[in-house]
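User: Hi! I'd like to go through this model with you, one question at a time. Could you walk me through the reasoning as well as the results?

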Amino acid sequence: MNERNLQQTARLALACLDLTSLNEQDSEADVLRLAARAAAAPGSVAALCVWPRFVPLALAHAPAGVAVAAVANFPEGNDDIERAVRDTQQIVAAGAQEIDLVLPWRALLAGDTAGPAALLRAVRRECEGRVLKVILESGELKTPALIAAASRIAIAEGADFLKTSTGKTPTGATPEAARVMLEAIAADAQAAQRVGFKASGGVRRVADALVYLDLVEQILGRAALVPQRLRLGASALLDDIEAVLRS
């Protein structure tokens, strides 16, 4: 679609990378390794993404200029508003700049739009002034109509980013789901200049990232190719970025 070469793509992917460690068995040592990985990268990543309990450690060791994100209502995406609010309060109290919140996608599958909207609204209130990324779990919603509906709910309730997936379900990010989400952003006059997109789940190579960069540029414009509007949630992707930049 454009003249961007693989090295240029790698540098942009690095700048937009949410370097992530969300394994069930994660320990403090894993978070320290994540921070060291970010510090050794050939450029700054956008954020470190960790469990809420590790926010203070991540903040203490994140390289200068790298945000810390933590997950809420993760990974299940239940419709328990109190749990989602507690998670968010813990993240905010610890000082993280960003929250990655799972939409109650099962409720949406059951035809409930009010419940997911209420949960997002409650969480948005708790994290005003911080970046809120709403995980739609697009691989479980499956249909374009449901992905679009989830996107509209998230936008209406103040999401700063629409995110594809937790990475914990069989289907992660797909170009088809990304297109639906990006078109929902573009269709909203206010969101089109404000809301960003995050691809997460299976984005392991620079060539994978290029697909999403091209979609963002095509639908939201070149101005959206910045960390404030585009994120890539991954861990293994950094290995390929470094390999490309060494080549």
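User: Is Glu137 buried or exposed?

Analyst: Happy to start there, keeping in mind that this is a predicted model. Glu137 sits in the loop between β5 (131-135) and α7 (138-141). Its relative accessibility is 0%, and the cut-off for the lowest class is under 20%. Glu137 therefore counts as buried.

User: What is the phi of Glu137?

Analyst: Most residues other than glycine have a negative phi. Glu137 departs from that sign, with a positive value in a residue other than glycine. Its phi is near 55°.

User: Which class of accessibility does Lys142 fall in, and what is its phi?

Analyst: Lys142 is found in the loop between α7 and α8 (144-156). Its relative accessible area is 58%, so Lys142 is exposed. Its backbone also has a positive phi in a residue other than glycine. To put the two results together, Lys142 is exposed, and its phi is near 70°.

User: Which residues does a cis peptide bond join?

Analyst: Most peptide bonds are trans. Here the exception to look at has an omega of about -5°. One partner, Pro75, lies in the loop between β3 (67-72) and α4 (81-94). The cis bond joins Phe74 and Pro75.

User: How many strands make up the closed barrel?

Analyst: The order runs β1-β2-β3-β4-β5-β6-β7-β8, with parallel pairing. On average, and ignoring direction, neighbouring strands of this sheet are turned by 25° against each other. The number of strands in the closed barrel is eight.

User: Which residues stand opposite Asp18 in β8 and in β2?

Analyst: Asp18 belongs to strand β1 (residues 17-20). β1 pairs with strand β8 (residues 230-234) in the parallel sense over three bridges, and β1 also pairs with strand β2 (residues 47-50) in the parallel sense over three bridges. The partner of Asp18 in β8 is Gly233, and in β2 it is Ala47.

User: Which residues of β1 are buried on each side?

Analyst: In a regular strand the side chains alternate between the two faces of the sheet. In β1 both faces are covered. The buried residues are Leu17 and Leu19 on one side, and Asp18 and Thr20 on the other.

User: How many residues of β4 are buried?

Analyst: Let's take the two faces in turn. Glu98, Asp100 and Val102 are buried on one side of β4, and Ile99 and Leu101 are buried on the other. The strand is largely enclosed by the rest of the structure, because the buried count is five of the five residues.

User: What are the bridge partners of Ala69 and Val71 in β4?

Analyst: β3 and strand β4 (residues 98-102) run parallel and are joined by four bridges. Ala69 has Glu98 as its bridge partner in β4. For Val71, the residue opposite in β4 is Asp100.

User: Are α4 and α6 roughly parallel or roughly antiparallel?

Analyst: α4 and helix α6 (residues 114-126) have axes 9 Å apart and pack at an angle of about 20°. Angles under 35 degrees fall in the class that applies here, so α4 and α6 are roughly parallel to each other.

User: Is the crossing of α4 and α6 left-handed or right-handed, and which residues make the contact?

Analyst: α4 passes α6 in a right-handed crossing. By class, their contact divides into eight nonpolar, two polar and one charged residues. From α4 come Ile81, Ala84, Val85, Thr88, Gln89 and Val92, and from α6 come Ala118, Leu119, Ala122, Val123 and Glu126.

User: How is α1 oriented against α11, and what is the handedness of the crossing?

Analyst: Helix α1 (residues 6-15) and helix α11 (residues 237-246) have axes that come within 9 Å and cross at roughly 140°. That angle makes α1 oblique to α11. The crossing is left-handed.

User: Which residues does Ser44 contact beyond its neighbours in sequence?

Analyst: Ser44 lies in the loop between α2 (28-40) and β2, and it is partly exposed, with a relative accessible area of 44%. Ser44 and Val66 are 22 residues apart in sequence, yet their C-alpha atoms are 7.0 Å apart. Leaving aside neighbours within four places in sequence, the contacts of Ser44 are Leu14, Ala15 and Val66.

How values were computed
Residues numbered from 1 in each chain as written. Predicted model: local features only at pLDDT ≥ 70, side-chain atom pairs only at ≥ 80, totals over all residues. Heavy atoms only, no water. Axes fitted to C-alpha atoms, helices over the stretch in contact; angles between N-to-C directions. Helix = DSSP H or I, 4+ residues; strand = E, 2+ residues; numbered from the N terminus. Parallel < 35°, antiparallel > 145°, perpendicular 65-115°, else oblique. Left-handed = near helix turned anticlockwise from the far one by under 90°. Buried < 20%, exposed > 50% of the residue type's maximum accessible area, 1.4 Å probe, protein only. Pairing = 2+ DSSP bridges. Contact = heavy atoms within 4.5 Å. Nonpolar A, V, L, I, M, F, W, Y, C, P; charged D, E, K, R; others polar.
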